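Look at the fold below before reading on. Keep it open, and follow the chain as the text moves from the whole to the parts.

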Amino acid sequence: MKVSYHGHSVVRVETNNHKILIDPFISGNDACDLDAGSVEADVILLTHGHNDHYGDTEEIAKRNSALIVAPNELAEYLGGKGFNTHPMHIGGAHEFDFGKVKLTQAFHGSSYTEEDGTIIYTGMPAGILLTVDGKTLYHMGDTGLFSDLKLIGDMNDIDLAFVPIGDNFTMGPDDALMATDWIKADKVVPVHYNTFPLIEQDGEKFASSVKTGNGLAMKIGDSIEL
């Protein structure tokens, strides 16, 4: 599969037959190079409901008739709006025609803020393990450091991991480095940083400090093959 990074926590996965978007925060994200009005997606995977991850899900899903895979309450919320959704919960896995998805723990929050300021609770946040043709991608979502990451690393052969480093809302670089030692991914990409001043970090410095696996500070639009 071809995996590309598009700023903040936006990841695009292209397989032989599918186009998958993870956390498509595009509009209002100056760090993103995608166009919400034209990007193609058969599937949208969501880690949680915060607006900077939920992003342009509705517009993209409606235009592409995309399947949305999300934690249960978030999927139910979107299903109530008429979208095609598949609800999941932490620890659960499912084989789709595009690959296998398993949700992991993520220590964070999850809610969606409507335009009028109403806050909708959207269940537990999650990380995503996506396996296609024997290759596994781990999008950690937004999370703090937690010791069960060791179990995730022991139980999965992770080829590529997207690890938040922004601090304040998620792990900072030091905690994220410890997480990389535990998950033991072959390649590690920092995400959720430099989108706005509060989460400014040096991605190149982090990537060069990774000891377990190869750190890679992907630039906006960069892609790699798995």
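The paragraphs below go from overall shape to the sheet, then to salt bridges and the surface.

This is a predicted model, where local features need pLDDT of at least 70, side-chain atom pairs count only at pLDDT 80 or more, and totals for chains, interfaces and linings use all residues. Residues are numbered from 1 along each chain as its sequence is written, and side-chain values use heavy atoms, with hydrogens and water left out.

Start with the whole chain. Its C-alpha atoms fill a box of roughly 45 × 40 × 30 Å along the principal axes. The radius of gyration is 16 Å, which agrees with the value near 17 Å for a compact globule of 226 residues. That radius is taken over C-alpha atoms, and the globule rule is 2.2 Å times the number of residues to the power 0.38. Of the 226 residues, 52% count as buried. Buried means under 20% relative accessible area, exposed means over 50%, and partly exposed lies in between (1.4 Å probe, protein chains only). The secondary structure comes to six helices and 16 strands. Both are DSSP runs numbered from the N terminus: helices are H or I with at least four residues, strands are E with at least two.

Now find the sheet. Strands of a sheet pair through backbone hydrogen bonds, either parallel or antiparallel. Here, two strands count as paired if DSSP finds at least two bridges between them. Seven strands form an open sheet with mixed pairing, in the order S7-S8-S11-S12-S13-S14-S15. S7 and S15 (214-215) stand at the edges, each with a single partner strand, so one side of each is left without a neighbour in the sheet.

Step inward. Strand S8 (residues 99-105) runs antiparallel to S11, and six bridges join them. Val101 has Leu130 in S11 as its bridge partner. Leu130 also pairs on to the next strand, where its bridge partner in S12 is Leu137. S11 (residues 126-132) and S12 run antiparallel, joined by five bridges. The two form a hairpin with two residues between them. Asp133 sits in that turn with a positive phi of about 50°.

How many of the five residues of S12 are buried? Four are, which leaves the strand (residues 135-139) mostly covered. Beyond S12, the pairing sense changes to parallel: S12 and S13 (residues 160-164) pair over three bridges. Tyr138 has Ala161 in S13 as its bridge partner. Between these strands comes helix H4 (residues 149-155), and S12, H4 and S13 make a right-handed β-α-β unit. Right-handed means that, with the strands pointing away from the viewer, the path from the first strand over the helix to the second runs clockwise.

Another strand residue to pick out is Leu45, in strand S4 (residues 43-45). Leu45 counts as buried because its relative accessibility is 1%. Its C-alpha atom is separated by 17 Å from that of Lys135, 90 residues apart along the chain.

Next, the charged pairs. Side chains of opposite charge can pair when their charged atoms come close. A salt bridge here is a side-chain nitrogen of Lys or Arg within 4 Å of a carboxyl oxygen of Asp or Glu. The whole structure holds five.

One joins Glu58 to Lys81, with the closest N and O atoms 2.8 Å apart. Glu58 lies in helix H2 (residues 57-64) and Lys81 in the loop between helix H3 (72-79) and S6, so the pair ties together parts 23 residues apart in sequence. Glu58 is partly exposed at 24%, and Lys81 is partly exposed at 37%.

Another joins Lys219 and Glu204 at 3.7 Å, N to O. This pair links distant parts of the chain, 15 residues apart: Lys219 in the loop between S15 and strand S16 (223-225), and Glu204 in helix H6 (residues 203-209). Lys219 counts as exposed at 52%. Glu204 is partly exposed at 46%.

Glu14 and Arg12 form a salt bridge too, at 3.6 Å between the closest N and O atoms. Is each partner buried or partly exposed? Glu14 is partly exposed at 22%, whereas Arg12 is buried at 14%.

Finish on the surface. Ile90, Tyr121 and Met124 make a nonpolar patch of about 300 Å². Patch residues have over 30% relative accessible area and no salt bridge; like charges are joined within 9 Å, nonpolar side chains (Val, Leu, Ile, Met, Phe, Trp, Tyr) within 5 Å. Accessible areas come from the Shrake-Rupley method with a 1.4 Å probe, and for residues only the protein chains shown count as cover. Ile90 is found in the loop between strand S6 (85-88) and strand S7 (93-96). Ile90 is partly exposed, at 31%.
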